[in-house]
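Here are my notes on the model you sent round. Have it open in your viewer while you read, and shout if your own look disagrees.

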Amino acid sequence: MKFTKLKTNVLFSLVLLILLITAQNLFAVKYYVSPTGNDITGDGSEGNPWHTIQGAIDNVVVINGDTIIVMNGTYIENVDVNKEIIILSENGYNSTIVIASDTNDRVFEITANYVTISGFTCYGSNKVWDGAGIFLGNNTHHCIISNNRSGYDPNHKNWKGIYLYTSSNNIISNNICNYNDEIGIQL
């Protein structure tokens with residue numbers, strides 16, 4: 001009798017855990033950014049996207065698994081990724097370009113853990129010694145940086161392609177880091 005009750009409790013706990021994980025993914029939201037969107041009147045839906053990646057980050061209240069889909073186009077901005085979020089290009093680095101603005105030296109600066117950046121071409125951060133296409137800040141962990149192109153010809157480059165500054169336990173894979181002034185990827 002005790003064994004059957006224990007078996008039932010374990011089975012119930014396992015089913016409850018599966019339901020919680022499934023529910024968490026069901027509540028995850030996809031937000032959209034487009035060059036034709038609007039950071040003021042947009043709501044992040046596919047039909048009414050935000051205009052900037054930073055505007056999307058600033059507007060979302062993150063639930064595990066939330067994703068920002070960046071639609072095809074060119075974006076001129078420096079992005080401070082300060083929330084645990086997934087940021088994906090709609091169709092990969094050949095169709096989504098993020099160029100550093102003149103006010104900062106990093107295209108993507110990650111200051112949160114559990115961030116994913118995938119599918120972007122980023123350049124223009126070759127102004128100062130620690131400029132990077134993608135910069136993982138002090139003590140950032142468990143980030144995924146994949147399928148990006150950082151610098152792609154002598155006129156479109158960064159000081160460093162991907163720069164990990166005292167960060168660890170990150171996955172850096174399938175990135176192309178050519179034509180950077182100092183180094184492609186600095187771990």
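The numbered points below go from the overall picture to the sheet, the core, the cysteines and a few loop residues.

1. **Ground rules.** This is a predicted model, so mind the filters: local features need pLDDT of at least 70, side-chain atom pairs count only at pLDDT 80 or more, and totals for chains, interfaces and linings use all residues. Residues are numbered from 1 along each chain as its sequence is written, and side-chain values use heavy atoms, with hydrogens and water left out.

2. **Overall make-up.** The protein has 2 helices and 15 strands; helices (H or I, at least four residues) and strands (E, at least two) are DSSP runs numbered from the N terminus. Of its 187 residues, 44% count as buried, where buried means under 20% relative accessible area, exposed over 50%, and partly exposed in between (1.4 Å probe, protein chains only). About 10000 Å² is exposed, with carbon and sulfur atoms supplying 57% of it; the areas come from the Shrake-Rupley method with a 1.4 Å probe, and for residues only the protein chains shown count as cover.

3. **Contact range.** Take the contacts between residues at least 6 apart in sequence: 64% of them join residues at least 24 apart. Contact here means heavy atoms within 4.5 Å.

4. **The five-stranded sheet.** An open sheet of 5 strands runs in the order β4-β7-β10-β13-β15, with parallel pairing. Two strands pair if DSSP finds at least two bridges between them. At the edges stand β4 and β15 (183-186), each with a single partner strand, so one side of each has no neighbour in the sheet. The twist averages 10° from one strand to the next; for such angles, axes are lines fitted to C-alpha atoms (for helices over the stretch in contact), and the angles run from 0 to 180 degrees between N-to-C directions.

5. **Register, strand by strand.** If you want to check the pairing by eye, start at β4 and β7, which are parallel and joined by 3 bridges; V81 stands opposite I110 in β7. Next, 4 bridges join β7 to β10, again parallel, and E109 faces F135 in β10. Then β10 and β13 run parallel with 4 bridges, and L136 sits opposite L164 in β13.

6. **How enclosed is β10?** What share of the residues of β10 is buried? The count is 5 of the 5, so β10 is largely enclosed by the rest of the structure.

7. **The core.** The largest nonpolar core has 34 residues, and those with the most contacts inside it are I53, V81, I87, F108 and I117. A nonpolar core is a set of buried Ala, Val, Leu, Ile, Met, Phe, Trp, Tyr and Cys residues joined through side-chain atoms within 4.5 Å. Elements giving two or more residues to this core include α2 (53-59), β4 (79-81), β7 (106-110), β10 (132-136) and β13 (160-164). For a single residue to click on, try F108: leaving aside neighbours within four places in sequence, its contacts include I53, V81, I117, F120 and F135.

8. **Cysteines.** No disulfides turn up: a search of the whole structure finds 0, a disulfide being a pair of cysteine sulfur atoms within 2.5 Å. C122 is in no disulfide, and its nearest cysteine sulfur, that of C177, is 7.7 Å away, too far for a bond. C122 counts as buried because its relative accessibility is 0%; C177, at 17%, counts as buried too.

9. **Around H142.** H142 lies in the loop between β10 and β11 (144-146) and is partly exposed, at 35% relative accessible area. Not counting residues up to four places away in sequence, H142 touches Y114, V115, S168, N169 and N170. The C-alpha atoms of H142 and I171 are 7.2 Å apart, although 29 residues separate them along the chain.

10. **Two positive phi values.** Two of the residues touched by H142 deserve a look at their backbone. Y114, in the loop between β7 and β8 (116-118), has a positive phi of about 55° although it is not a glycine; Y114 is partly exposed at 48%. N169, in the loop between β13 and β14 (171-173), also isn't a glycine and has a positive phi near 55°; N169 is exposed at 56%.
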